[in-house]
Amino acid sequence: MLRFQARKVIVLLLVLLFGCGLALPNLFSPETRKAIEQGAPSWIPKFLLPIHAVTLGLDLQGGSHVLLEIDRADLIRSQIMQLRDDVRRILREERVSFQGGIGLTPRGVQLRVPDVADRAKLLPKFRELAQPVGTLGAFGPSGNQTIEISETPEGVIQLNVTEAGSNERIRRAVEQAMEVLRRRVDALGTTEPNIQRQGLDRILVQVPGLQDPQRLKDILGQTAKLQFRMVADSPGGDVDMLPSQDAGGQPIPVQRQVIVEGEDLIDAQPAFDQRTSQPIVNFRFNIRGAQRFGQATTENLGRALAIVLDNKVISAPVIQSPITGGSGQISGNFTVEAVNNLAILLRAGALPAKMTIVEERTVGPGLGQDSIQAGKMATLIATVLVILYMIGTYGIFGAIASVALLVHVCLIFGLMSLLGATMTLPGIAGIVLTIGTAVDSNVLIYERMREESHLGRSLVSALEAGFTRAFATIIDSNMTMLIAAVALFSLGSGPVRGFAVVFILGILTTVITAVTLTRMMIALWYRLARPKTLPF
């Protein structure tokens, strides 16, 4: 117990030195860390450079908080329109005639097919549209269907979207919207945004460090549905009347047929027109989009091409020559900020449904600074009181435990910096809590030593028994806390997960500092002091 191989001592010291070195960048300013990164040789891996600091959460550095809600009615309406198009396609493929057209109902569509044989052909095709809700699980597919089909003796067929189908569509829309919102927020250049689901149809977006909530709302609230269509010669028929920015907001006829959609874009960047010096957006299509765009511009020379963004014509240039390279530009009366935002929206993609802001708030940096100061004071007071208690109760062994405690806190910050974890106010509470749990392991070891000494064991035997016999208890107690912390991380959200991350890291570092490091320092103390009895 009191003998450590030199190799083990060196490995432990290197691990502790590396872990504490990871926490060192938290003492540097952002400018200093950036200068170190730029001045470091290229052959040094970036993770070894002291440039990664703990990211402060919204409650510590301030920022913007927005709660978005998906428009259920708009999403269900879109689902019904898609169902109508599917029904129309099936009728066309099966060459079935029907009476009175396809009518819309609040939950679906209905049509009248008098012929029994025609209904017999259609119903199996319609049932193929009714897919099971969700995915296959351990007990097979869910019994709920997305579409409910019924018919009457008079030949009326109704296809209604079920409640389970609507909820499944909303769930998928929220997941897709979260990815789109994440790409948009990441493009703002902020650090560690928090984007998570709230209930079935709401999304919480927290962006630490962003003090411009209006820009965040502009980025999050737009759908950015980009389409390229041809301008029609006259209203009527398969034509939409859309407001045109070039015409001062007056509606112009635009064909409903979409040539290329925004999903075929692979890049969009803000730039300036070399001729007019006006802000523009340069875009580039994928292979499919480039082929469609090239074919459309080749076949429609001399006609106006409508660039439609969110059902508004932002530009309607005349096609002067075929555009076959798969790239182009969007121009209009844009400001520089509007061009930057538009490029972000186009790169991120369109939201699957309209979203409304139901809650917003901004946390100022002053409030965050007050939270930091309060957290620092709480941590300092807790550390000092714990150290005083340990030294007063266990003497030199208490001082050894206090050194291990300081290393423990340093390792937590080092691991958080390495992982890029976000420090929140509950995270600070987690650090304060781990300070108590860390020395708790030392208390178990020391009290076991005292019991063994009272039983008449020699000092060396008591020291060894204290570590070996208390180790199982330490592992058990830390394992139970680890299970609770993992449950908090898995099921919690936001600040709860921040607390869980710090607590998990604290539990892991406790085993290193409260057992291995303490054991090594006590062995060193014994060799130097050569005591006959316990110092407490």
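**Exercises on two helices and two sheets**

Turned away from the buried side of helix 1, a face carries the exposed residues Ala6, Arg7, Leu14 and Leu17, where exposed means over 50% relative accessible area, buried under 20%, and partly exposed in between (1.4 Å probe, protein chains only). The model is predicted, so local features need pLDDT of at least 70 and side-chain atom pairs count only at pLDDT 80 or more, while totals for chains, interfaces and linings use all residues. Residues are numbered from 1 along each chain as its sequence is written, and side-chain values use heavy atoms, with hydrogens and water left out. Helices (H or I, at least four residues) and strands (E, at least two) are DSSP runs, numbered from the N terminus.

**Exercise 1.** Find which residues of helix 1 are buried, and what covers them.

*Solution.* Begin with the residues themselves, which are Leu12, Leu16, Gly19, Leu22 and Ala23. They lie on the same side of helix 1, because they cover an arc of only 125° around the axis, the arc being that of the directions from the helix axis to the C-beta atoms. Finally, what covers the buried residues of helix 1 includes helix 11 and helix 14, with contact meaning heavy atoms within 4.5 Å.

**Exercise 2.** Compare the expected span of helix 13 with the distance between its end C-alpha atoms, then locate its bend.

*Solution.* The expected span is 1.5 Å times one less than the number of residues. For the 33 residues of helix 13 (residues 459-491) this gives 48 Å, and the end C-alpha atoms are 47 Å apart, which agrees. The helix 13 bend is about 40° and falls at Phe471, taken as the angle between axes fitted to the seven residues ending there and the seven starting there. As for packing, the buried residues of helix 13 lie against helix 11 (396-419), helix 12 (425-454) and helix 14 (495-529).

**Exercise 3.** Work out which strands stand at the edges of the open sheet with the order 7-8-2-18.

*Solution.* This sheet has four strands with antiparallel pairing, and two strands pair if DSSP finds at least two bridges between them. Strand 7 (194-198) and strand 18 (355-363) each have a single partner strand, so one side of each is left without a neighbour in the sheet. Strand 7 pairs with strand 8 (residues 202-208) over five bridges, and Ile195 has Val205 of strand 8 as its bridge partner.

**Exercise 4.** Describe how strand 14 is joined to strand 17.

*Solution.* Strand 14 (residues 279-285) and strand 17 run antiparallel and are joined by four bridges. In strand 17, Ser327 is the bridge partner of Arg284.
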